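Student: Please show me the sequence and the structure. I would like to go through them by question and answer.

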Amino acid sequence: MHTDIFETLADPTRRRIVAALISGERPVGDIVRDAGVHQSGVSRHLRLLHEAGFVSVRPDGQRRLYALRPEPFRELEAWLALYRRLWEFRLDRFGVALEQAQRNPNPPPDNTDIKDPTP
Amino acid sequence: MTETAVQAAIVIERTYRATPEELWALWTTKAGFESWWGPEGFRVEVHALEPREGGVLEYDMIADAPEAIAAMKEMGQPISHGTRGTYSEFRPHQRLKLVHTIDFVPNSPVYDSVIEVGFAPVADGHARMIVTLHPHLDPHWTKMSVEGFTSQLAKLDRRFGWTEQRS
């Protein structure tokens, strides 16, 4: 897991650039227009996205075409899958606790307002 | 919510042989919340729980199992930390939104973690619970979550004989 992935996507401008590339390979001009990114900043953001492995770039005559690469998104997916599993475990515990509560004939009172002054 | 957070939503749906009221109680009472909340290897002690919209939820999250204690120590974290949340939405037996203020992740700005839960009765004495999570893709949080729990998950996988993610 490269934490770079998260650092890269932490920037809202770069997320807009990624969104602009979802439909496929685009030249810089299209990205500027679709992502609403200022021309002066787009090169820097595209460079960072390229360095982090999010985009590929290839020359096409005078233009450079940018496209998304799948690898970092697969890693994101893997991270989300792990997070989901952590929560699946939690809900397993929820189910166990629920069964215990159902077996217990004396359910705890529906507390209205517990305040413990202990710091 | 910080500007730098990357948000993604994960939706988990489960059906239980229970009423929505029984499910609701596990989220909104001291005994209920303490009976299941927290990652594997942790337990919680609730100090304040105000079951109403805008009500606070304050508890200590305590590393309990030896592996969890070791993991926290390895990360230079205390084995117990005070955690604070708010029931920002509270519609009994139907829907709640629990917002946690995450202020214990080292080198990370304070941010909110939002969990939304919907409850609905279904046929034959069952109820459905839909949990929507908005994991915070902060690099430090990620590091902590992944490094802290991957080994633990591997152990659990072996214990339960899981080889693939369950549906």
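The questions below take up a sheet, a pair of helices and the nonpolar cores.

Tutor: This is a predicted model, in which local features need pLDDT of at least 70, side-chain atom pairs count only at pLDDT 80 or more, and totals for chains, interfaces and linings use all residues. Residues are numbered from 1 along each chain as its sequence is written, and chains are lettered from A and ligands numbered from 1 in the order in which they are written.

Student: In what order do the three strands of the open sheet in chain A lie?

Tutor: Strands are DSSP runs of E with at least two residues, and helices are runs of H or I with at least four, numbered from the N terminus. Two strands pair if DSSP finds at least two bridges between them. In chain A, strand 1 (26-27) and strand 2 (55-60) are the edge strands, each pairing on one side only. The pairing is antiparallel and the order is 1-3-2.

Student: Which residue in strand 3 of chain A is the bridge partner of A:Pro27?

Tutor: Strand 1 of chain A pairs with strand 3 (residues 63-68) of chain A in the antiparallel sense, over two bridges. The bridge partner of A:Pro27 in strand 3 is A:Leu65.

Student: Why is helix 2 of chain A called roughly perpendicular to helix 4 of chain A?

Tutor: Axes are lines fitted to C-alpha atoms, for helices over the stretch in contact, and angles run from 0 to 180 degrees between N-to-C directions. Helix 2 (residues 12-20) and helix 4 (residues 39-51) of chain A pack with their axes 10 Å apart, at an angle of about 80 degrees. Angles under 35 degrees count as roughly parallel, over 145 as roughly antiparallel, 65 to 115 as roughly perpendicular and the rest as oblique. The angle therefore makes helix 2 of chain A and helix 4 of chain A roughly perpendicular.

Student: Which element supplies the largest share of the largest nonpolar core?

Tutor: A nonpolar core is a set of buried Ala, Val, Leu, Ile, Met, Phe, Trp, Tyr and Cys residues joined through C-beta atoms within 7 Å; buried means 20 or more other C-beta atoms within 10 Å of the residue's own, with C-beta atoms placed from the backbone. Among the 25 residues of this core, A:Leu98, B:Leu23, B:Leu26 and B:Phe33 touch the most other members. Helix 5 (71-103) of chain A and helix 1 (20-28) of chain B are among the elements that each supply at least two residues. The largest share, five residues, comes from helix 1 of chain B.

Student: How many residues are in the second, separate core?

Tutor: This core includes A:Ile17, A:Ala20, A:Ile31 and A:Leu68. The number of residues in this second core is 13.

Technical notes
A residue is buried if 20 or more other C-beta atoms lie within 10 Å of its own, exposed if 12 or fewer, and partly exposed in between; C-beta atoms are placed from the backbone.
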